Amino acid sequence: MPSMGEQPLFSAKAHVFQIDPATKRNWLPASKHAVSVSFFYDANRNAYRIISVGGTKAIINSTITPNMTFTKTSHKFGQWADSRANTVYGLGFSTEQQLQQFSDQFKEVREAARLAREKSQERFELTNPALNIAAPQELSEDRHSPPPLLTVNGPCEDKLIRSRSAEVELTTEKESIKKMLSEGSVSCELHMEAELFTLQDSNAKLVSALQEAESSGQMWKKQLAEYQEETDRLREQVAELEAQSVASAGSDPELSQSVETLEDLLRTKDQEIQSLQCKKTDASDLEQEKEEAMQRLQELEQQNAVLEERVKSAETDLAASQEERQQTEGEVQQAIEVLDLKILDLNSLRQSLSKLIDK
């Protein structure tokens with residue numbers, strides 16, 4: 001959570017994800033809906049942070065360093081790695097413009113963090129003059145220091161050091177090739193999972209709104225039918241009483257009073273029917289909204305079908321890339337075996353050179 005000394009710089013709404021710590025491949029949703037993701041500046045520590053709070057818990061608390069990079073992996077999704085928190089954060093935005101604004105803000109804050117670190121280093125050097133004094137002395141000592149033992153011991157020692165350097169370079173190249181192969185097919189799966197999660201969330205909201213509109217429309221229709229039935233029944237009673245009053249020729253005052261009471265009740269029911277008819281217009285509007293929502297749902301289902309086809313195509317491409325990767329791994333393994341043989345040859349050469357030097 002932001003402290004009292006921190007100043008807000010920028011804020012945006014986004015769905016928050018974190019990388020699965022077990023697999024390091026799948027996204028885990030950190031928020032059930034879009035939440036505020038904000039940049040803050042801490043003047044006391046001269047540091048910048050990204051903070052997002054879901055309920056009472058901070059789901060993002062990332063201190064920005066000059067080495068961080070925000071990567072846009074799709075037109076509405078971006079991510080960055082936080083080595084201090086030992087995780088990767090992902091953000092899904094509703095529009096491409098919001099993603100671009102967040103990316104630009106990230107770059108500005110990262111540059112500000114770099115400048116802040118350089119200023120703090122300059123202040124440290126100014127407050128520690130001994131460090132500045134020691135540097136020229138070390139340089140002067142280096143100028144008058146004797147040449148390395150490489151030229152004294154002759155070409156055998158030179159060859160030994162070159163063999164060690166070649167061994168280190170080969171080992172480093174071997175590790176970089178393994179790392180490149182292990183990270184080859186992760187980004188495609190992450191993009192598709194984020195897009196599917198956003199589409200499922202919007203589908204769930206739309207279905208809920210449709211159910212509420214349908215339930216409200218059915219309630220109004222039922223109430224209107226009940227009032228119409230009661231009105232028809234009262235009309236029949238009034239007609240019967242009027243017939244009886246005509247037959248009795250006004251001789252019964254109680255009957256006339258009952259007829260008047262029923263007429264008043266009938267007028268009241270007519271007013272209620274008119275009111276319900278107005279509400280029926282609202283219900284028809286809801287019905288129209290329902291039809292529009294159903295049409296949007298069909299469009300989303302079509303988009304979902306297209307997306308599923310894309311996922312299947314991506315899975316096919318991934319399978320092909322994995323097969324190609326396995327083939328490449330076989331070739332790399334052969335290359336590694338060749339490199340291992342060369343390393344063994346270099347080791348034997350180094351031992352031979354060492355023996356020659358010892359003699």
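This is a short dialogue about reading the features of a predicted protein model.

Visitor: Before we start, what are the ground rules for this predicted model?

Guide: Residues are numbered from 1 along each chain as its sequence is written, and side-chain values use heavy atoms, with hydrogens and water left out. Since this is a predicted model, local features need pLDDT of at least 70 and side-chain atom pairs count only at pLDDT 80 or more, while totals for chains, interfaces and linings use all residues.

Visitor: How many helices and strands does the protein chain have?

Guide: Helices (H or I, at least four residues) and strands (E, at least two) are DSSP runs, numbered from the N terminus. Here the protein chain has six helices and eight strands, and along the sequence they read β-β-β-β-β-β-β-β-α-α-α-α-α-α.

Visitor: What share of the residues counts as buried?

Guide: Buried means under 20% relative accessible area, exposed over 50%, and partly exposed in between, with a 1.4 Å probe and protein chains only. By that yardstick, 27% of the 359 residues are buried. As for area, the Shrake-Rupley method with a 1.4 Å probe is used, and for residues only the protein chains shown count as cover. The protein chain exposes about 24000 Å², with 52% of it supplied by carbon and sulfur atoms.

Visitor: And contacts: what percentage joins residues 24 or more positions apart?

Guide: A contact means heavy atoms within 4.5 Å. Among contacts with a separation of 6 or more, 63% are between residues 24 or more positions apart. For a single-residue case, try threonine 87 in strand E8 (residues 87-92). Threonine 87 is buried at a relative accessible area of 11%. Leaving aside residues up to four places away in sequence, threonine 87 touches Gln18, Ile19, Ala81 and Asp82.

Visitor: In what sense do strands E4 and E5 pair?

Guide: Two strands pair if DSSP finds at least two bridges between them. Strand E4 (residues 47-54) and strand E5 (residues 57-63) run antiparallel, with six bridges. One of the bridge partnerships joins arginine 49 to threonine 63 in E5. The two strands make a hairpin with two residues between them, and glycine 55 in the turn has a positive phi of about 75°. A handy thing to keep in mind: in a regular strand the side chains alternate between the two faces of the sheet.

Visitor: Now the rings. How many aromatic pairs are there?

Guide: A pair of aromatic rings is described by the distance of the centres and the angle of the planes. Rings of Phe, Tyr and Trp (its six-membered ring) pair if their centres lie within 6.5 Å; planes under 30 degrees apart count as stacked, over 60 as edge-to-face and the rest as tilted. This structure holds 14 aromatic pairs. Take phenylalanine 70 and tryptophan 80: their centres are 6.2 Å apart and the planes make 40°, a tilted pair. Phenylalanine 70 sits in the loop between E5 and strand E6 (71-72) and tryptophan 80 in strand E7 (residues 77-82), so the pair ties together parts 10 residues apart in sequence. Phenylalanine 70 and tryptophan 80 are both buried. Ring pairs also build a cluster from Phe10, Phe39, Phe70, Trp80, Tyr89, Phe93, Phe102 and Phe106.

Visitor: Which residues touch the most other members of the largest nonpolar core?

Guide: A nonpolar core is a set of buried Ala, Val, Leu, Ile, Met, Phe, Trp, Tyr and Cys residues joined through side-chain atoms within 4.5 Å. The largest one has 23 residues, and Val37, Ile50, Ile60, Trp80, Leu91, Phe102 and Phe106 touch the most other members. Strand E1 (6-19), strand E3 (35-42), E4, E5, E8 and H1 each give two or more residues to this core, with H1 giving the most, five. A second, separate core of five residues includes Leu234, Val238, Leu241 and Leu266.

Visitor: Last one: how many salt bridges does the structure hold?

Guide: A salt bridge is a side-chain nitrogen of Lys or Arg within 4 Å of a carboxyl oxygen of Asp or Glu. There are six in the structure. Aspartate 42, buried at 6% relative accessible area, meets arginine 45 at 3.1 Å, N to O. Arginine 114 and glutamate 118 bring their closest N and O atoms to 2.5 Å. These two are four residues apart in helix H1 (residues 96-127), so about one helical turn separates them. Glu111 joins Arg114 and Glu118 in a network of salt bridges.
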